[in-house]
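Me: I'm new to reading protein models, and I'd like to learn how charged residues and strands fit together. Can you walk me through this one?

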Amino acid sequence: MAVTISRGTNLVEHHQSTALTAVNDSFEVHADSSEFTFAAVVTGGANFSLVFEASYNGGGTYFELDTSKTINSNGQYAYFYTGKPANRIRMRIASISSGTPNVVPIIAVAYHG
């Protein structure tokens, strides 16, 4: 899995990975933050759900940050979260109703202090 990371002024880390295409495909990053953005560039014309999850214990146990997001058209999607401290966060394809999604995951983690 190819991973690209860029850091700007030690405040935001931007993580991007290769495409997710199947149920339970996920992209996970180290966070140690309470402010992050999940973005997805979607192609493939599928109907599917993404879930954004966080872990306090380094990825051993995950909890859902919000309700699953159902996506049924190609495009760019972004979801912003603050005040939700986590050690690790991930984006995961939770279910696919039809088609084969191609989801390029992008996760940005903000650090203040």
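Reply: Sure! Let's start with a term: a salt bridge is a side-chain nitrogen of Lys or Arg within 4 Å of a carboxyl oxygen of Asp or Glu. Keep in mind that this is a predicted model.

Me: How many salt bridges does that rule give here?

Reply: The general idea is that side chains of opposite charge can pair when their charged atoms come close. In this structure the count is four. Take Arg88 and Glu28: their closest N and O atoms are 2.4 Å apart. Arg88 sits in strand 7 and Glu28 in strand 3, so this pair ties together parts 60 residues apart in sequence. Glu28 is partly exposed, with a relative accessible area of 31%.

Me: Which residues are linked in a network of salt bridges?

Reply: That would be Glu53, Arg90 and Arg92. Glu53 bonds with Arg90, with the closest N and O atoms 2.6 Å apart. Because Glu53 is in strand 4 and Arg90 in strand 7, the pair ties together parts that are 37 residues apart in sequence. Arg92 forms a salt bridge with Glu53 too, and there the closest N and O atoms are 2.9 Å apart.

Me: Are Glu53 and Arg90 buried or exposed?

Reply: Both are buried. Arg92 is buried as well.

Me: OK, now strands. Which strands does strand 4 pair with?

Reply: Look for bridges between neighbours. Nine of them join strand 4 (residues 47-55) to strand 7 (residues 75-98), running antiparallel. Glu53 stands opposite Arg90 there, and you've already met those two as a salt bridge. Strand 4 also pairs with strand 6 (residues 69-71) in the antiparallel sense, over three bridges, with Phe48 partnered by Ile71. Two bridges join strand 4 to strand 5 (residues 63-64), antiparallel again, and Ala54 has Phe63 as its bridge partner.

Me: Why is strand 4 largely enclosed by the rest of the structure?

Reply: Eight of its nine residues are buried, so that's how we can tell.

Me: And how do I read a nonpolar core?

Reply: In soluble globular proteins, nonpolar side chains tend to be buried together. Here the largest nonpolar core has 24 residues, and those touching the most other members are Phe38, Leu50, Phe52, Ile89, Met91 and Val103. Strands 3, 4, 7 and 8 each give two or more residues to this core, and strand 3 gives the most, with seven. Try clicking on Phe52: leaving aside neighbours within four places in sequence, its contacts include Phe38, Phe63, Tyr79, Tyr81 and Met91.

How values were computed:
Residues are numbered from 1 along each chain as its sequence is written. This is a predicted model: local features need pLDDT of at least 70, side-chain atom pairs count only at pLDDT 80 or more; totals for chains, interfaces and linings use all residues. Side-chain values use heavy atoms; hydrogens and water are left out. Buried means under 20% relative accessible area, exposed over 50%, partly exposed in between (1.4 Å probe, protein chains only). Helices (H or I, at least four residues) and strands (E, at least two) are DSSP runs, numbered from the N terminus. Two strands pair if DSSP finds at least two bridges between them. A nonpolar core is a set of buried Ala, Val, Leu, Ile, Met, Phe, Trp, Tyr and Cys residues joined through side-chain atoms within 4.5 Å. Contact means heavy atoms within 4.5 Å.
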